[in-house]
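Open the model in your viewer and keep the selection panel at hand. The tour goes stop by stop.

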Amino acid sequence: MKQFDLIIIGGGAVGCAIAYVLSRYDLRIALLERNPDVAMGTSGKNSAVAHAGFNNQPGSLMAKLCVAGNKQFENLCKTLDVPYKKTGKLVIGFNDEDIKIIDQIISDGKRNGSIGLTYVNRAQMEALEPGIAGIGAMFSANTGVFDPFLYTIHLCEAAIQNGVSFFMNNEAQAIRKEGSGFIVTTNEEEYQCGMLVNSAGLYADKVAAMAGDSSFTVYPCRGEYFILDTSAARLISRPVYPVPRKGVGGLGVHLTTTVDGNVLIGPSAEYIDSREDYATTQSMMDNLFREAKTLLPALQRNMVIGTYTGIRSKLVPKGQANYGDFVIEESNKVENLINLVGIESPGLTASMPIAEMVTEIIGAKKALQKRANHKAEYHGRPVFASLDREEQSALIRENPDYGEVICRCKTITKAEVLQALRNPLGVHTIGAVKNRVHTTRGRCQGGYCFTKIADIIREELNVSPEDIAYRYPGDRPFSGTVK
């Protein structure tokens, strides 16, 4: 049995942020994640926006933590070497009633402490985004976009460099109280700890119940997305949202630019029964595109290169208010159990303030001693395509694998693929490479690089093609041989 002072269940952005913050202190910390890698749930299936906090209910924990997160997000991304762009955002109105809603959004945002919110008329809109429809909009200067995969991965790897232990493919199956602490039984091992942090996202209610607190119910709400080619970036330069509609359960179908130069359409908002139903549906996708064209009439179907789906963990059922507030608290039923439930959007933006809040809860119960030689900064892998010719040539001279391009769409090299495979979590899937260096995300969606990555994995790990996993153990894309 492995013993720790504290265990975190859940390897999304919030769980990894908690691990990163707590790594400042002299604690034995473990994080358990049921998937083979971090950011495989909601943290990797979203719009990748650093929100400004104007859409959240004034006085709510969501609003407070989102605004706090937004104010530090750009500097945090610099500290963690995560791509971030401060783009600003437009919230579009199409009629006089929408303009009244925009006025209310600006008022609520200012009450929340959100800054940089202004009304722009049609002429000002056209100066910002010439192709966008509508009669007026709110401009949020402090909205940004970032890479949610690298954000979560770098939080994880920064925590590892400060002594935190991560255990992948470890799904909590039973939790029992032992004195003031816990024994967590997974499919792999038993772990003992004095304090337990439940950051299990869509399964936070299930984990809480296993630990003895059945106070919560999570309602899964699916959001479907289109991914557009980088050619669509000529049509739009920042996220564009419609005025949110009451009772829909989200912020409406929007257009979002990404740090990679693609554009996203989505998400939809559909309550579903299964927490694992990541399907995309024809009717919903058709509706997404129709709604997106009302915002940006120049959109064309041939710009679409992919789709994906995320699932929000809502605390309110269908038909009620759009949002339930975050729950971040020590259980009033189980001592030393800290529950984080209903952490939907803007959970990514708020992840660091959430982690600080959890640390305060822990610090009120246990004296925290600073860890010697703690490293807050993290430096990621060199991005070959972002370097100038002289810098690229220097890398190739140092390591010839930089001279072999594996992904032509994004100019990703063999050296970068190998660095991704040699990650400290020991995740050796094609998906792990994708999330770290962005292979298979270009126009061809892996048509050129997929088999090349598989060859590198085969050579690096000395495994057969049939044993290579795409995302999950047993999720094998190859069967048999061809000439």
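**Stop 1: two cysteines**

Select Cys449. This residue is buried, with a relative accessible area of 1%. Bear in mind that this is a predicted model. Now add Cys407, which also counts as buried, at 2% relative accessibility. Why is there no bond from Cys449 to Cys407? The closest cysteine sulfur to that of Cys449 is in Cys407, and at 4.5 Å it is too far for a bond. A disulfide here would need the sulfur atoms within 2.5 Å. The structure as a whole holds zero disulfides. Cys407 is in none, and its nearest cysteine sulfur is that of Cys449.

**Stop 2: helix α11**

Select residues 430-437, which make up α11. How many of the eight residues of α11 are buried? Eight of the eight are, so the helix is largely enclosed by the rest of the structure. The buried set is not just nonpolar side chains to click through: Lys434, Asn435 and Arg436 are among them, along with Ile430, Gly431, Ala432, Val433 and Val437. Next, show what covers them. The cover includes α5, β22 (412-413), α10 (414-421) and α12. Step one element further along to His438, which follows α11 and has a positive phi, near 75 degrees.

**Stop 3: from the loop after α11 to Asp260**

Move on to Arg441. Arg441 is buried, with a relative accessible area of 14%. Its salt-bridge partner is Asp260, with the closest N and O atoms 3.6 Å apart. Arg441 sits in the loop between α11 and α12 (450-461), and Asp260 in the loop between β15 (254-257) and β16 (263-266), so the pair ties together parts that are 181 residues apart in sequence. Asp260 is partly exposed, at 26% relative accessible area.

**Stop 4: more salt bridges**

The count of salt bridges comes to 22. Start with Lys2 and Glu189, whose closest N and O atoms are 3.0 Å apart. Lys2 lies in strand β1 (residues 2-9) and Glu189 in the loop between β11 (181-186) and β12 (190-198), so this pair ties together parts 187 residues apart in sequence. Is Lys2 buried or partly exposed? At 32% relative accessibility, Lys2 counts as partly exposed. Glu189 is partly exposed too, with a relative accessible area of 27%.

Now select Glu330 and Lys365. Their side chains meet in a salt bridge at 3.2 Å, N to O. The pair links distant parts of the chain: Glu330 is in strand β19 (residues 327-330) and Lys365 in helix α8, 35 residues apart. Glu330 is partly exposed, with a relative accessible area of 26%. Lys365 also counts as partly exposed, at 37%.

Then pick a group rather than a pair. Arg222, Glu224, Glu270 and Asp277 are linked in a network of salt bridges.

**Stop 5: the start of α8**

Stay with α8, which spans residues 351-365, and select Ser351. Ser351 counts as buried, at 0% relative accessibility. Where does its side chain reach? The side chain of Ser351 reaches the backbone oxygen of Leu348, at 2.8 Å. Show its contacts next. Leaving aside neighbours within four places in sequence, Ser351 is in contact with Ala13, Val14, Ala17 and Tyr151.

**Stop 6: the nonpolar cores**

Keep Tyr151 selected. Tyr151 is one of the residues with the most contacts inside the largest nonpolar core, which has 55 residues. Add the others in that group: Phe166, Ile328, Leu340 and Ile354. Which elements give two or more residues to this core? They are β1, α1 (13-22), β2 (29-32), α2 (61-80), α5 (148-161), β12, β20 (337-341) and α8. Colour α1 separately, since that helix gives the most to this core, with nine residues.

Zoom in on Ile354. Beyond its neighbours within four places in sequence, Ile354 is in contact with Val14, Leu65, Phe326, Ile328, Leu340, Ile343 and Gly347. Val14 is also in the contact list of Ser351.

Last selection: Ala137, Ala232, Leu235 and Leu288. These residues belong to a second, separate core of 25 residues.

Key. Residues numbered from 1 in each chain as written. Predicted model: local features only at pLDDT ≥ 70, side-chain atom pairs only at ≥ 80, totals over all residues. Heavy atoms only, no water. Helix = DSSP H or I, 4+ residues; strand = E, 2+ residues; numbered from the N terminus. Buried < 20%, exposed > 50% of the residue type's maximum accessible area, 1.4 Å probe, protein only. Polar contact = N/O pair within 3.5 Å; in protein donor to acceptor, adjacent residues only side chain to side chain. Contact = heavy atoms within 4.5 Å. Salt bridge = Lys/Arg side-chain N within 4 Å of Asp/Glu carboxyl O. Core = buried A, V, L, I, M, F, W, Y, C linked by side-chain atoms within 4.5 Å.
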